[in-house]
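This report describes how parts of one protein model fit together. Look over the sequence and the model before reading on.

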Amino acid sequence: MGRKAGKNYVDNRELGRLVEDYIRSNPNDRGEWLDRYVNTVKSRNAGKPKKIAAAEEFAQYRRGMYSGQRPTEIYGQTCDKLIPILYKIIDGRMASYRIFGDEDVRQDCMLALLKYMNRFDYRKGTSAFAYVSEIITQAINLHLNYEKDSRLDGNLVYEHELYESLDRKSGSAGMPRPI
């Protein structure tokens, strides 16, 4: 007999399906980031033709998806199911850092997820939970580092500066690469 799932349990299969539906139906993502993504992979992996080929194939697949008919009518329903699950994962990661009730960190994590979740390549059969957790972890670390730096410098860091820096530090293509 298996263990009974707790109230904060996140089903990876369900999460993967929702992330896939989100990527397929998101009317706000038109793939403008794909060229930057491929160029970043090329510059970081000059001696690794397999990684470059995989990035180019991923970009080609996504361009095909963006050019076809997209089921945007399910976008709202998908978001209604996906967002509470993402907040559960965010709250769990924040708890592992012993951060409780900090809405700024929580919102930074959600913004990072919404910006970078489209880079998940669900065709590879990898864990959506691991991918989402990595984005959240990077967002938390970035927030904590900026908070620490602003305390040391005596300067306040505003949100727009945080996200402009996020793009600069991680390369113009964004935080994580598809796994």
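At what angle do the axes of α4 and helix α5 cross, and within what distance do they come? The axes cross at roughly 125° and come within 10 Å. The model is predicted.

## Overall make-up

The protein has 7 helices and 0 strands. Read from the N terminus, its elements follow the order α-α-α-α-α-α-α. The protein has 179 residues, of which 42% count as buried.

About 10,600 Å² of the protein is exposed, and 51% of this comes from carbon and sulfur atoms. Among contacts with a separation of 6 or more, 78% are between residues 24 or more positions apart.

## Helix α4 against helix α5

Two packed helices are described by the angle between their axes and the distance between the axes. For α4 and α5, residues 103-116, the angle is roughly 125°. An angle between 115 and 145 degrees falls in the oblique class, so α4 is oblique to α5. Their crossing is right-handed.

On the α4 side, the contact is made by I83, L86, Y87, I90, D91 and M94. On the α5 side, V105, R106, Q107, C109, M110, L113 and L114 take part. By residue class, this contact has 10 nonpolar, 1 polar and 2 charged residues.

## Helix α1 against helix α4

Helix α4, residues 75-96, also packs with helix α1, residues 12-25. Here the angle is about 135° and the axes are 9 Å apart. The two helices are therefore oblique to each other. The crossing of α1 and α4 is left-handed, whereas that of α4 and α5 is right-handed.

Which residues of α1 meet α4? They are L15, L18, V19, D21, Y22 and S25. Their partners in α4 are Y75, T78, C79, K81, L82, I85, L86 and I89. The residues of this contact comprise 10 nonpolar, 2 polar and 2 charged. L86 of α4 takes part in the contact with α1 and also in the contact with α5.

## Residue Q77

Q77 lies in helix α4. Is Q77 buried or exposed? Its relative accessibility is 52%. Residues over 50% count as exposed, and Q77 is therefore exposed.

Q77 can also be placed relative to D21, a residue of α1 that meets α4. In sequence, Q77 and D21 are 56 residues apart. In space, the C-alpha to C-alpha distance between Q77 and D21 is 9.8 Å.

Technical notes
Residues are numbered from 1 along each chain as its sequence is written. This is a predicted model: local features need pLDDT of at least 70, side-chain atom pairs count only at pLDDT 80 or more; totals for chains, interfaces and linings use all residues. Side-chain values use heavy atoms; hydrogens and water are left out. Axes are lines fitted to C-alpha atoms, for helices over the stretch in contact, and angles run from 0 to 180 degrees between N-to-C directions. Helices (H or I, at least four residues) and strands (E, at least two) are DSSP runs, numbered from the N terminus. Angles under 35 degrees count as roughly parallel, over 145 as roughly antiparallel, 65 to 115 as roughly perpendicular and the rest as oblique. A crossing is left-handed if the near helix is turned anticlockwise from the far one by less than a right angle, and right-handed if clockwise. Contact means heavy atoms within 4.5 Å. Ala, Val, Leu, Ile, Met, Phe, Trp, Tyr, Cys and Pro count as nonpolar, Asp, Glu, Lys and Arg as charged, and the others, Gly among them, as polar. Buried means under 20% relative accessible area, exposed over 50%, partly exposed in between (1.4 Å probe, protein chains only). Accessible areas come from the Shrake-Rupley method with a 1.4 Å probe; for residues, only the protein chains shown count as cover.
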